[in-house]
Structures are given as structure tokens and as C-alpha cells.
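Work through the exercises below with the structure open. Try each task before reading its solution.

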Amino acid sequence: ASDKKIILVPAMNVRMWTHQATKENISKLLSYGYLCVGPEIGEMACGEYGEGKMSEPIKIIEFLNNFFSEQKIISKSKLKAIVTSGPTKEYIDPTRYISNDSSGKQGYEIAKSLIRYGIETTLISGPTNLSYPKNLKLIKVQTAEEMYEETKKNLPVDIAVCAAAVCDFKISNYQKNKIKKEDIANLELEKNKDILNFLSTHNSLRPRLVIGFAAETNNIIKNAEEKISRKHCDWLIANDVSKPEIGFNSDFNEVTIIYKDK
Ligand code: CTP
């Protein structure tokens, strides 16, 4: 219900539905401004055939989606969102870096959806080959440190979606000049700041909804449940990246969404 509108989803036996009393009651409710999805004509649970069958769930969802987008309930709320996306690059020297295979497609699609709902969205993206539409507020970064700083700068927001495949480590012995073959040395790594954790545990500027992702190759649910507790986010979206058809770079995805209350 919204703006005091009630949506009815009638489902009843055909003779009950076509009875004068029901007709009168339904038209009274419609005259009060109630809305009605269905019923449809078809075979019923009681074995009879006729008008009175509940609409298919997909039809009810379509109706609700149209209803809420027409009401512009979300855009009227003037919500703001940040989406982190893509990989990060952690430089070893000016010509070499550590990174990963993230395409950035997921974060980009999420940012586009948020914009469609009328949410003012900033996409903070690591290097990708995607082309972005002009109406997207895009901040391009290279390193995890830059992604963290830009996220901080763009607070407060209502929603944060951390879809980026942030490199967990950066190089602490970065060389200003290109390392020569003969000077090959061990890499020293130090942990990057965890942006998702930073957002989830922020005292004063915690977004109302913080969503993290978990790229896993095994024990998907168990690892994701452990991760949601460790990262203190509200939802955690687990991807199985071991399957090429739904993993990095694929246009298709299959996820499990875990909520804070498990
Ligand atoms: N994340 C982040 N900042 C980091 C590392 C990760 O914001 N420095 C976010 C990712 O954007 C994602 C979530 O944390 O939403 C989980 O990332 P993932 O790589 O699956 O987990 P890690 O924390 O790196 O843990 P592990 O590699 O041990 O699975």
C-alpha cells in the first residue's frame, strides 16, 4: 500500500467471484481507490473453470513494479548511493602492477539500475574497458587507496554497494623507477584498507543500507555467512566465480543473497 492505496489480489471460485454480492463489494472498494490485480480466467484449485483464478505472481510483480515506479516513491525520497566497481591496480613500479580479472560490468549495471529508480548514484570504478553513459557520475580510480579516499569524499549516502574486486594487498616497497631485470627483488605486501568494512562500521556516516559482494570459488554459503559477520554489512551477495559462465567477465550471473539475520 502507498498513499493509502490498497492493492487487492482476488482469488476465489468462479461462482463466488461472479456473485452479485462480490461484484457490489469489489466495485465499492474500487470506488474508494483500491486497486485490483486480476482475477484471471482459468482452472481453479477447486477443480472448476472460470473467472476467479489468482493472477500469476509474475503479473502481480509487474503490476507492483509499475505502480511503484509511477508513484515515483523512490525518486521522491531523494536517495543517494555509491557503487564501487571493477578491479584495482596495485603498482610495483611505474610499469607493473598486481590486479585481477574483474570487468566492472556488475557494478556498472547496478549503478544504472539505481539511476533508473531516480537514486543519485556515484560510480567509483577501477580501470575497465567499459564505456559509460554521460549521465552517470563516474569517478575513475586506479588503486584501492584512491577508491577508499573517493568513497570517503562522497559520503554521506543512503546506500553503498561494494561490487569492486579490491586488491587485498598493496606493494609497500614500490619502486619509483622501473625495476631492472638484474635488480629483481622480493615484493613486500601490506593490507589495503577494507572499504566495505569502513562503511559498515562508520560511527556517524554509516549508509542505511550497505551491500557487499563475496567472490567465492568453494563453500559459497558458508564463506558468505562468515563474511557478512566479519564485514558488518546488511546484505552480502555471493558469486561463484569458479564457473566461467557466471564468473568474472561473463554477461550472466547467478547469486545468493544473504541477509544480516542469515
Ligand atoms: N572489499 C572492500 N575493500 C577491500 C576488500 C574487499 O571494500 N579492501 C569488499 C568487496 O568490494 C566486496 C567484499 O569486500 O564487497 C568482499 O570481497 P572479497 O574479495 O570477496 O573478500 P575479502 O574481504 O577480500 O576476503 P577473502 O579474499 O579472504 O575472501
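**Exercise 1. Find the element that gives the most residues to the shell around the ligand.**

Solution. The model is predicted.
Step 1. Start with the winner: S13 supplies the largest share of the shell around the ligand, four residues.
Step 2. Place that strand in the sequence. S13 spans 209-216.
Step 3. List the elements that each supply at least two shell residues. They are helix H7 (195-200), strand S13 and helix H8 (220-231).
Step 4. Pick out the nearest residues. The shell holds 15 residues, and Cys162, Ala164, Phe213, Lys227 and Lys231 come nearest to the ligand.
Step 5. Sort the shell by class. Eight of its residues are nonpolar, one is polar and six are charged.

**Exercise 2. Identify the backbone atoms that make polar contacts with the ligand, and state how much of the ligand is buried.**

Solution. Use a cut-off of 3.5 Å between N or O atoms.
Step 1. Take the ligand nitrogen. One nitrogen atom lies 2.9 Å from a polar backbone atom of Lys193.
Step 2. Move to ligand oxygen. A polar backbone atom of Phe213 is 2.8 Å from an oxygen atom of the ligand.
Step 3. Add Ala215. A backbone N or O atom of Ala215 sits 3.2 Å from a ligand oxygen atom.
Step 4. Turn to area. The ligand taken alone exposes 570 Å², and the protein buries 79% of that.

**Exercise 3. Describe the pocket that the ligand occupies.**

Solution.
Step 1. Locate the ligand. The space it takes is the largest pocket.
Step 2. Give the volume. The largest pocket holds about 1,200 Å³ of space.
Step 3. Look at the lining. It has 45 residues, and Ala164, Ala165, Val166, Phe213 and Ala215 are the closest to the pocket centre.
Step 4. Name the elements that give two or more residues to this lining. They are strand S5 (80-85), helix H5 (105-116), strand S12 (189-191), H7, S13 and H8.
Step 5. Find the main contributor. H5 gives the most to the pocket lining, with six residues.
Step 6. Sort the lining by class. The count is 20 nonpolar, 15 polar and ten charged residues.

**Exercise 4. Which backbone features stand out at Pro39, Pro156 and Asn219, and where do these residues lie?**

Solution.
Step 1. Check Pro39. The peptide bond between Gly38 and Pro39 is cis, with omega about 0 degrees. Pro39 lies in the loop between strand S2 (35-36) and strand S3 (40-43).
Step 2. Check Pro156. A cis peptide bond runs from Leu155 to Pro156, with omega near 5 degrees. Pro156 is in the loop between helix H6 (144-153) and strand S10 (159-162).
Step 3. Check Asn219. Its phi is positive, about 45 degrees, although Asn219 is not a glycine. Asn219 belongs to the loop between S13 and H8.

Definitions and conventions. Residues numbered from 1 in each chain as written. Predicted model: local features only at pLDDT ≥ 70, side-chain atom pairs only at ≥ 80, totals over all residues. Heavy atoms only, no water. Near = heavy atom within 4 Å. Polar contact = N/O pair within 3.5 Å; in protein donor to acceptor, adjacent residues only side chain to side chain. Areas by Shrake-Rupley, 256 points an atom, 1.4 Å probe, with all protein chains shown as cover. 1 Å grid on protein atoms, 1.4 Å probe; cavity = no way out; pocket = protein on both sides within 12 Å on 5 of 7 lines; lining within 4 Å. Sits in = over half its atoms within 2 Å of the grid points. Nonpolar A, V, L, I, M, F, W, Y, C, P; charged D, E, K, R; others polar. Points joined across faces, edges and corners; volume = space filled by probe spheres on them.
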